[in-house]
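Here are my notes on the two ligand sites, in the order I'd go through them. Have the viewer open while you read.

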Amino acid sequence: MCCKEKLAVVTGGMGGIGTAVCLRLANEGAKVVATCHPSEADSADAWINEQKSQGAEISVVAGDVSTAEGGATLMNEITEKFGPADILVNCAGITRDSTMKKMTDDQWDAVIDTNLSSAFYVTQPIWNSMVERGFGRIINISSVNGQRGQFGQANYSAAKAGMHGFTMALAYEGAAKGVTVNTVSPGYVETAMTAAMRDDVRDAIVGGIPMRRMGQPEEIAQAVAFLADSESTYVTGANLPVNGGLFIH
Ligand code: CAA
Ligand code: NAP
């Protein structure tokens, strides 16, 4: 059990990858709090019961991570209710795919706010506590498309590349304080996010994946669990690709 008696917070915890991460960390002995968007709060009970049926007791707190106020309120509520977080997985994210020709300011802003600024809004309120206690594991979920770019994803690729920049800078600040900060960059994974893609576009992409299949959320959770492990003491500032060979560099 890599995360015994640790408190783990997973943003976007009720999503496809988030759910697998929550379950995995709970199975690894962590007390897990999933966060969800306020618009999803009504489905929290059903989700909690589903996880319970798989033997995991996971709590949910709602909050919008795409604004400074939302992130701070969310993290302060979690600290008050459950205590200080030891593990933070920044997993909330959206797509608003469009070619540059058609991309609107709203599509740009929504993706930058939700996928990049959120990492700052959520991490900042708990950072000092991790540093003062001399332990922390922060894992930022980026994307293969932050590493290599993708047609129709200028907003998403910029945000996800920025996320790893955030990881690297913060890794320096946490290195001497017992706080590691790492990125996991998944390839295409079977969740609602990829189900929303046009079938022809998705099929073409999957055809180009050396493993010839999309990833499963549990395969991403495996990488997160490694980085969250209390014994993963010497890995920081890394970007761990989990992409079936889609981008080998
Ligand atoms: N490279 C070069 N040219 C391309 C191209 C590519 N990869 N894809 C399309 N084009 C060309 C098309 O052939 C077409 O050319 P013509 O005008 O000469 O016919 C032109 O660009 C317009 O293409 P579309 O018809 O596809 O444009 P659209 O406006 O209908 O759709 C789009 C745009 C929605 C962005 C679509 O291209 C798309 O879905 N792209 C893939 C985006 C993607 O991978 N999203 C991943 C979502 S999941 C996720 O993000 C998770 C993760 O981290 C991996
Ligand atoms: P998903 O099932 O759509 O999950 C995304 C989660 O983020 C949802 O629960 C969503 O809640 C939440 N969220 C979105 N905006 C939010 C906000 N403003 N505040 C709080 N929560 C918010 O997608 P997924 O595939 O699991 O993606 C999880 C992460 O992995 C994302 O960061 C994504 O970019 C990344 N990723 C995914 C893939 C892939 O192929 N699936 C590949 C690489 C990286 P709502 O449903 O309420 O909006």
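1. A definition before the contacts: a polar contact here is a pair of N or O atoms within 3.5 Å. Keep in mind, too, that this is a predicted model.

2. Start with ligand 1 and its polar contacts. Lys102 has a side-chain N or O atom 2.7 Å from an oxygen atom of ligand 1. For Ser143, a side-chain N or O atom sits 2.6 Å from an oxygen atom of the ligand. Asp97 pairs with a nitrogen atom instead, its polar side-chain atom lying 2.7 Å away. As for cover, the protein takes up 57% of the 1,100 Å² of accessible area that ligand 1 has on its own.

3. Now the shell around ligand 1. It counts 19 residues, and Tyr156 and Tyr188 are among the closest. By class, that is seven nonpolar, nine polar and three charged residues. Helix 7 (192–195) and helix 8 (199–207) each put in at least two of them.

4. On to ligand 2, where I'd look at the backbone. An oxygen atom of ligand 2 is 2.8 Å from a backbone N or O atom of Ile17. Cys91 offers a polar backbone atom 2.9 Å from a ligand oxygen, and Gly187 has a backbone N or O atom 3.4 Å from one. The protein covers 88% of the 880 Å² that ligand 2 has accessible on its own. Helix 1 (16–27), helix 6 (154–174) and helix 7 each give two or more residues to this shell.

5. Last, who lines ligand 2? There are 29 residues around it, with Glu40, Tyr156, Val189 and Thr191 among the nearest. They split into 12 nonpolar, 14 polar and three charged.

How values were computed. Residues numbered from 1 in each chain as written. Chains lettered and ligands numbered in written order. Predicted model: local features only at pLDDT ≥ 70, side-chain atom pairs only at ≥ 80, totals over all residues. Heavy atoms only, no water. Near = heavy atom within 4 Å. Polar contact = N/O pair within 3.5 Å; in protein donor to acceptor, adjacent residues only side chain to side chain. Areas by Shrake-Rupley, 256 points an atom, 1.4 Å probe, with all protein chains shown as cover. Helix = DSSP H or I, 4+ residues; strand = E, 2+ residues; numbered from the N terminus. Nonpolar A, V, L, I, M, F, W, Y, C, P; charged D, E, K, R; others polar.
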